[in-house]
Amino acid sequence: DIEVFPTSQEESAVTFHCKSWIDPSHCTPDKRVFFPAHSYLPSQTPKGVEGLRKRELEILRGTGCGERKEHDRIYDYDVYNDLGNPDDDNNPTTRPVLGGKEHPYPRRCRTGRPRSKKDPFSEERSHKEHIYVPRDEAFTERKMGAFDTKKFMSQLHALTTGLKTAKHKSQSFPSLSAIDQLYDDNFRNQPVQPEGGKLRFVIDLLETELLHLFKLEGAAFLEGIRRVFKFETPEIHDRDKFAWFRDEEFARQTIAGMNPMSIQLVTEFPIKSNLDEATYGPADSLITKEVVEEQIRRVLTADEAVQNKKLFMLDYHDLLLPYVHKVRKLDGTTLYGSRALFFLTADGTLRPIAIELTRPKSKKKPQWRQVFTPGCDGSVTGSWLWQLAKAHILAHDAGVHQLVSHWLRTHACTEPYIIAANRQLSQMHPVYRLLHPHFRFTMEINAQARAMLINAGGIIEGSFVPGEYSLELSSVAYDQQWRFDMEALPEDLIRRGMAVRNPNGELELAIEDYPYANDGLLVWDAIKQWALTYVQHYYPCAADIVDDEELQAWWTEVRTKGHADKQDEPWWPELDSHENLAQTLATIMWVTSGHHAAVNFGQYPMAGYIPNRPTMARRNMPTEIGGDDMRDFVEAPEKVLLDTFPSQYQSAIVLAILDLLSTHSSDEEYMGTHEEPAWTKDGVINQAFEEFKESTRKIVEQVDEWNNDPDRKNRHGAGMVPYVLLRPSDGDPTDEKMVMEMGIPNSISI
């Protein structure tokens, strides 16, 4: 910070917040400009800096030409045309361009790299580690030193691509106890780790052990995996070794796990597909009224269960079915269209009652589909088939979580807001300063994801459903499901039938004890009130909002450039009132903070135990194949289940990346604790932030009370992991017992 004041008059100082990189070797005609910490709407700009305000935005927008250099500060848009690498002589890969009519998608930051020599639609992938992001969006040295993410991901990628023999990649765990041996019982799931942490340990071992590991065979390879990858016991397995096996926990995690955003209310029977019957087969689900009534012991008819809001569903049938035949052509994986049905019991908990798996018809085979129920026919065989069916839909849920709930709805959809804000909102603009903490490091982590995580042949494609079609699937979800006005938590719950808005404006949940919704609505209300107070202070009347040229240009650009493929949709809000502006800003603030925290920081604690959340299914259901497959299943059902789970190799990769993604940075900025310098310069805003901070403290108390309430059976019980992903920070985060309860970071920074 720089303070300027007349001699001996420090009380009249003007503060300039100069948190920016400057490259002295890069000379430009324009000198760097830093604006005072006081916020000004465009119409209120002091005359002396009006020209500088406009010129700074012109510089940040750039000309749209040339390749960006590391020191540049230019923000511009491009499509996702850099996921494949057609020019790789050893392993050329191509992926569809995401962004445009064929594959709608949010836009990313333009790098200006030249086009591929072999594919004019693709951007050349640099051989350097660095992918351009504007300089001030890059990690601080402290964060980069703590995580060393680029180095970690590149070496993890080397492990992925360097393994020569397919038998190593496909080798299953020999037993469930072998999975347990991946974990070090003495390394508890604590936020505080040794210098460098688990990540440093993995990096060091990868550097020295990879070549040796690749040479091992059989049991020696398994032991090598254990030695290189030794992880803390995930919270779910640490508290209850059998949680993964129980139906109650399977159901509970749909509302209190790492993907509580997919479950929806069943509103009609029969359940129907919207896909073309001529292509995919009959539309009516095989989960009939008879199946439902048998499973709920005829306490209600199926129609009564629907009317009384007792039936809920995970429905990945229509999203996945078009990819089944494509995925089955890939090595070492399989896919079905899937549904899982749940019944709301009298004590407020969910009970799974049916899973339907479908393979669409092809030229050579008719459609295959089957409904599996707990215990099925009451036999041991039926019980094992139910466990296999659960493994399949859990893999589907893990893929949708990673690609849609997490990557698409937070990382990818947020990047256009950041680009547009820096191009159209001055750093003096109060809305820029409200949103700035929520944009910290997101562009950098997204660039790193494109380099090593979501790229062709990267970790997601190699270890998650649906393999190399992963990002294409997220484009389908964006096209069919994403709406900005439904990204606000209340509207998302209403869309899924999980809540209704009463005449008094209050939300009524379909499941009263729905931990994600209970805690999330408290966080949402606090964010919305903070945003509304902020907006009302800077804009005395609605006309001031409409007349704010920077604000309107930002929002227009978000729609027409950042989310260009949806620019003509009628649901985009107009920024023409305090309520609409506050709702828009609160939606962005929620997505970058609460939404992201809910889907990110529970990944290792909940999915780090592979049987609880397998990320890929590798073997078809034995009842589909019949013959030898069915005989193998009857003779050794545990082996078939283990062969269905990800391989030892895939599991090691998944655990490593989930461990990284679930980590909090040492310089993380948490909701309710970090205050922007500009807010302290305005008494009204400073007081409003103090009230926001107090509201987060009350949320902590409420969450703690709910987690200790024995009547709330979805978050309190023997061996149960409490729901704390949306518990704000209330002190030093490293003092907490679990990573999940360290707090809600303001931004998508990992």
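1. Buried means under 20% relative accessible area. Glu 123 has a relative accessibility of 2%, so this residue counts as buried. The model is predicted, and the points below concern its salt bridges and one helix pair.

2. Glu 123 pairs with Arg 113 through a salt bridge, with 2.8 Å from N to O. Both residues sit in the loop between strand S4 (108–109) and helix H2 (141–147), so the bridge ties together parts that are ten residues apart in sequence. Arg 113 is buried too, at a relative accessible area of 10%.

3. Which residues are linked with Glu 123 and Arg 113 in a network of salt bridges? The others in the network are Asp 78, Asp 82, Arg 108 and Arg 450. Over the whole structure, the search finds 52 salt bridges.

4. Two further bridges lie within helices. In helix H1 (residues 50–61), Glu 58 and Arg 55 are three residues apart, about one turn of the helix. Their closest N and O atoms are 3.1 Å apart, and the two form a salt bridge. Are these side chains buried or exposed? Neither label applies: Glu 58 is partly exposed, with a relative accessible area of 39%, and Arg 55 is partly exposed at 35%.

5. The other is in helix H31 (residues 683–707), where Glu 690 and Lys 693 are three residues apart and therefore separated by about one helical turn. Their side chains meet in a salt bridge of 3.6 Å, N to O. Glu 690 is partly exposed, with a relative accessible area of 34%; Lys 693 is partly exposed as well, at 30%.

6. On helix packing, the pair to look at is H15 and H17. The axes of helix H15 (residues 380–424) and helix H17 (residues 442–452) come within 10 Å and cross at roughly 125 degrees. An angle from 65 to 115 degrees would count as roughly perpendicular and one over 145 as roughly antiparallel; the crossing falls between these ranges, which makes H15 oblique to H17. The crossing is left-handed.

7. What makes the contact between the two helices? H15 contributes Trp 407, His 411, Ala 412, Thr 414, Glu 415, Ile 418 and Ile 419. From H17 come Thr 442, Met 443, Ile 445, Asn 446 and Ala 449. Sorted by class, the contact of H15 with H17 has seven nonpolar, four polar and one charged residues. Glu counts as charged, so the charged residue in this contact is Glu 415 of H15.

Key
Residues are numbered from 1 along each chain as its sequence is written. This is a predicted model: local features need pLDDT of at least 70, side-chain atom pairs count only at pLDDT 80 or more; totals for chains, interfaces and linings use all residues. Side-chain values use heavy atoms; hydrogens and water are left out. Axes are lines fitted to C-alpha atoms, for helices over the stretch in contact, and angles run from 0 to 180 degrees between N-to-C directions. Helices (H or I, at least four residues) and strands (E, at least two) are DSSP runs, numbered from the N terminus. Angles under 35 degrees count as roughly parallel, over 145 as roughly antiparallel, 65 to 115 as roughly perpendicular and the rest as oblique. A crossing is left-handed if the near helix is turned anticlockwise from the far one by less than a right angle, and right-handed if clockwise. Contact means heavy atoms within 4.5 Å. A salt bridge is a side-chain nitrogen of Lys or Arg within 4 Å of a carboxyl oxygen of Asp or Glu. Buried means under 20% relative accessible area, exposed over 50%, partly exposed in between (1.4 Å probe, protein chains only).
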